[in-house]
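Colleague: Got a minute to go through this model with me? I'd like to hear the reasoning behind the labels.

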Amino acid sequence: MEAPVLPRRVVVPPRSGALPRPAGVVVALAGALLVGMLTSIGQSGSAFVATLSNAAGPWFVAAVLLVLVVRPGARWAAALGVVCLELMHVGYWAATVLAGRPDALSPFGTWELLGVPAGVLAGLVAVGVVSRDGRVRGAAAGVVGAVLVGEGIRGLLVVAATTSSTAWTSEVVGGVLCVVAAVVAGRSPIGRVVALGTGVVGAAGVLGALLVV
């Protein structure tokens with residue numbers, strides 16, 4: 001009688017090039033505070049720097065990158081995205097007050113409240129851009145492009161007279177490049193259509209939302 005064949009133990013490979021998760025969380029949280037502080041400092045810079053420092057798109061991109069440092073699952077990524085964006089508000093407030101400029105920080109402030117859905121989206125995008133599914137990967141990158149294009153167009157339409165139009169144009173160009181990268185990342189025809197659709201429809205949605213806000 002032959003001995004039963006036991007199933008081989010599946011060994012999950014470590015996350016290539018990733019920090020240990022606790023260290024990644026520390027880096028993400030500290031990075032969020034730093035981004036907020038640098039935003040406050042940047043608002044005193046040149047018109048180009050001040051305009052980008054007043055933009056929401058760079059914060060969204062920063063939140064995505066900070067969550068990517070940790071590489072958590074979707075549920076934790078959404079929560080971490082919210083925490084990172086809210087810590088950016090804390091960092092901004094702290095740097096502004098330390099610089100002697102009055103500022104308010106409230107959990108019920110407009111931008112603090114918007115940080116919740118934006119943070120959830122940033123976390124999910126961070127999960128999506130490293131997905132093995134080309135459609136998910138393309139859609140996630142398309143969302144990043146949509147945020148940048150939508151806000152950049154809004155800036156050019158509404159506040160270009162009092163801010164740097166070059167900064168808004170740069171944001172639009174960066175967003176378009178993200179959408180192009182999303183289309184390439186889609187690989188399959190369906191993935192490319194999903195990526196392009198996400199970028200175009202998402203940009204229109206972001207523009208409309210920002211015009212209302």
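**Labels and reasons**

Modeller: Sure, let's start with histidine 89, which counts as buried at 11% relative accessibility. Keep in mind that this is a predicted model.

Colleague: What makes histidine 89 count as buried?

Modeller: Buried means under 20% relative accessible area. Histidine 89 has 11%, so the label is buried. This residue is found in helix H4, residues 74-98.

Colleague: And which residues is histidine 89 in contact with, leaving aside its neighbours within four places in sequence?

Modeller: Histidine 89 touches Trp59, Leu105, Trp111 and Glu112.

Colleague: Next, how do you know that aspartate 133 and arginine 135 form a salt bridge?

Modeller: The rule wants a side-chain nitrogen of Lys or Arg within 4 Å of a carboxyl oxygen of Asp or Glu. In this pair the closest N and O atoms are 3.1 Å apart, so by that cut-off the pair is a salt bridge. The count by this rule comes to one salt bridge.

Colleague: Why are aspartate 133 and arginine 135 called partly exposed?

Modeller: Partly exposed lies between the buried limit, under 20%, and the exposed limit, over 50%. Aspartate 133 has a relative accessible area of 28%, so partly exposed is the label. Arginine 135 is at 43%, so that label applies there too.

Colleague: On to the helices. Why is H5 called oblique to H6?

Modeller: Helix H5 (residues 110-128) and helix H6 (residues 134-158) pack at an angle of about 140°, their axes being 8 Å apart. That makes H5 oblique to H6, because roughly antiparallel needs an angle over 145 degrees and roughly perpendicular covers 65 to 115. The crossing of H5 and H6 is left-handed.

Colleague: Which residues meet there, in H5 and in H6?

Modeller: From H5 there are Leu121, Val125 and Gly128, and they meet Val136, Arg137, Ala140, Val143 and Val144 in H6. By class, that contact has six nonpolar, one polar and one charged residues. Gly counts as polar.

Colleague: What makes H6 roughly antiparallel to H7, then?

Modeller: H6 and helix H7 (residues 165-186) pack at about 165°, with axes 7 Å apart. Since the cut-off for roughly antiparallel is over 145 degrees, H6 is roughly antiparallel to H7. H6 passes H7 in a left-handed crossing. By class, the contact of H6 with H7 has 14 nonpolar, eleven polar and three charged residues.

Terms used
Residues numbered from 1 in each chain as written. Predicted model: local features only at pLDDT ≥ 70, side-chain atom pairs only at ≥ 80, totals over all residues. Heavy atoms only, no water. Axes fitted to C-alpha atoms, helices over the stretch in contact; angles between N-to-C directions. Helix = DSSP H or I, 4+ residues; strand = E, 2+ residues; numbered from the N terminus. Parallel < 35°, antiparallel > 145°, perpendicular 65-115°, else oblique. Left-handed = near helix turned anticlockwise from the far one by under 90°. Contact = heavy atoms within 4.5 Å. Buried < 20%, exposed > 50% of the residue type's maximum accessible area, 1.4 Å probe, protein only.
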